[in-house]
There are 2 protein chains.
Amino acid sequence: MPEALKRLINSIGYLPGIGENRATKLAFFLLNANQNFIETLSENILNIKGKIDFCNSCNGLTDSGKEVCNICKSTSRNHTTIAVVEEYLDMLTVEQSGGYKGIYHVLGGAISPINGVFISDLSFEKLFERIKDSDEDIELILATNPNIEGEATTNYIKEEVEKRGYKYKTKITRLSRGLSSGYIEYADNITLMNALKERKEI
Amino acid sequence: MPEALKRLINSIGYLPGIGENRATKLAFFLLNANQNFIETLSENILNIKGKIDFCNSCNGLTDSGKEVCNICKSTSRNHTTIAVVEEYLDMLTVEQSGGYKGIYHVLGGAISPINGVFISDLSFEKLFERIKDSDEDIELILATNPNIEGEATTNYIKEEVEKRGYKYKTKITRLSRGLSSGYIEYADNITLMNALKERKEI
């Protein structure tokens, strides 16, 4: 087998969920693909890190060079409703459900000491600052995953908001448990919209 | 969503068998992957065309700049047994079965007028030249796919070898029908080795 092909199969095989057979198929597809596509794909992979930054406001992703993302900048969104999610992918999933008009806060994960994720690793302080700096009453929708780590994260936020005295201007809700056990990113749009509609104060 | 991420998801989504959800997952994996891997993958994709050529002998693939591939060059292989396969991927599959010590000829496909693949599109003449130029008796193992197009291709080769008068020095066999209906590339090693062992003269 030519070296270039062997190397490509090897690289593709490192991608999650892609075994050797599938990697070989994809490599052959690329071998026969048009040069334009090859160059675009290669360039887009190379650019993925350099051209993306964290949004200074919500901690989600944005084009590098932009301080805040389009959602945080948008004037057509409700800036007093903040959905707090674990990962940016969760934020995208909620966006795709089409039923949410507020803004977001991306924690960067959930509290999980067993996996080495501690409170200081997540963007809680940034979230509390957003609440503190707000001139208006806000609603925090805690849209963490419906599992132990998500629960712990939700409880931590609730306790801190009360402890820091922001409770007077903060309504805390969480997604209704229409969600089946698992992860938000796998939920379908209707389940997610219903869960948003039936969110409950905690 | 940042432009760079959108573009990457879009590019990955063009790969066969990868839908939007899977493309998004892979893009996020790449976003979090180490820079070294990103650069290697990107470079390997970009190099896939420029660094690969067709082997002048078997019509398989080889590193660009090399006239013949390592298998055709090898002195430890039996050069009087030629397995004729449709695609280079079939050749790799037979190689991986580990039971074959001859060499190969890659046709580049199978005769299929309905799909626009005609006799002149495949490397038959190169194969007949190899037979003609051989000083020794050779065995052709016709390892085309066990379907209509593969049958037509096998029949064409058999007829031409007889018509051109090479029959006196050419033994033609085909893989035994231990193969289940479908494509060679999906066959497991044992099935393939048995099919090689029980090949029949035609």
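## Area shared by the two chains

Buried area is the accessible area, found with a 1.4 Å probe, that two parts lose on being put together, summed over both. In this predicted model, chain A and chain B bury about 4,600 Å² between them, and 71% of that area lies on carbon and sulfur atoms. On the side of chain A, the residues that lose the most area to chain B are A:Ile45, A:Ile48 and A:Lys49, which together account for 14% of what that side buries.

## Residues at the contact

The contact draws 50 residues from chain A and 50 residues from chain B. Between the two chains there are 15 residue pairs in polar contact, counted where both residues have a pLDDT of 80 or more, whereas the rule for salt bridges finds zero across this interface.

Several elements of chain A each supply at least two residues to the side that touches chain B, namely helices H1 (3-13), H2 (20-32), H3 (35-47) and H5 (88-97), together with strand S2 (61-63). Of these, H3(A) gives the most, with 11 residues. By type, the residues on this side of chain A divide into 28 nonpolar, 12 polar and 10 charged.

## Domains and confidence

Chain A is divided into domain 1, covering residues 3-47, and domain 2, covering residues 53-201, and the C-alpha centres of these two domains lie 36 Å apart.

The average pLDDT of chain A is 89, with 96% of the residues scoring at least 70. Within chain A, confidence is highest in strand S4 (residues 102-106), at a mean of 96, and lowest in strand S7 (residues 200-201), at a mean of 68.

Methods:
Residues numbered from 1 in each chain as written. Chains lettered and ligands numbered in written order. Predicted model: local features only at pLDDT ≥ 70, side-chain atom pairs only at ≥ 80, totals over all residues. Heavy atoms only, no water. Domains from an automatic or database assignment. pLDDT = per-residue confidence, 0-100. Helix = DSSP H or I, 4+ residues; strand = E, 2+ residues; numbered from the N terminus. Contact = heavy atoms within 4.5 Å. Salt bridge = Lys/Arg side-chain N within 4 Å of Asp/Glu carboxyl O. Polar contact = N/O pair within 3.5 Å; in protein donor to acceptor, adjacent residues only side chain to side chain. Nonpolar A, V, L, I, M, F, W, Y, C, P; charged D, E, K, R; others polar.
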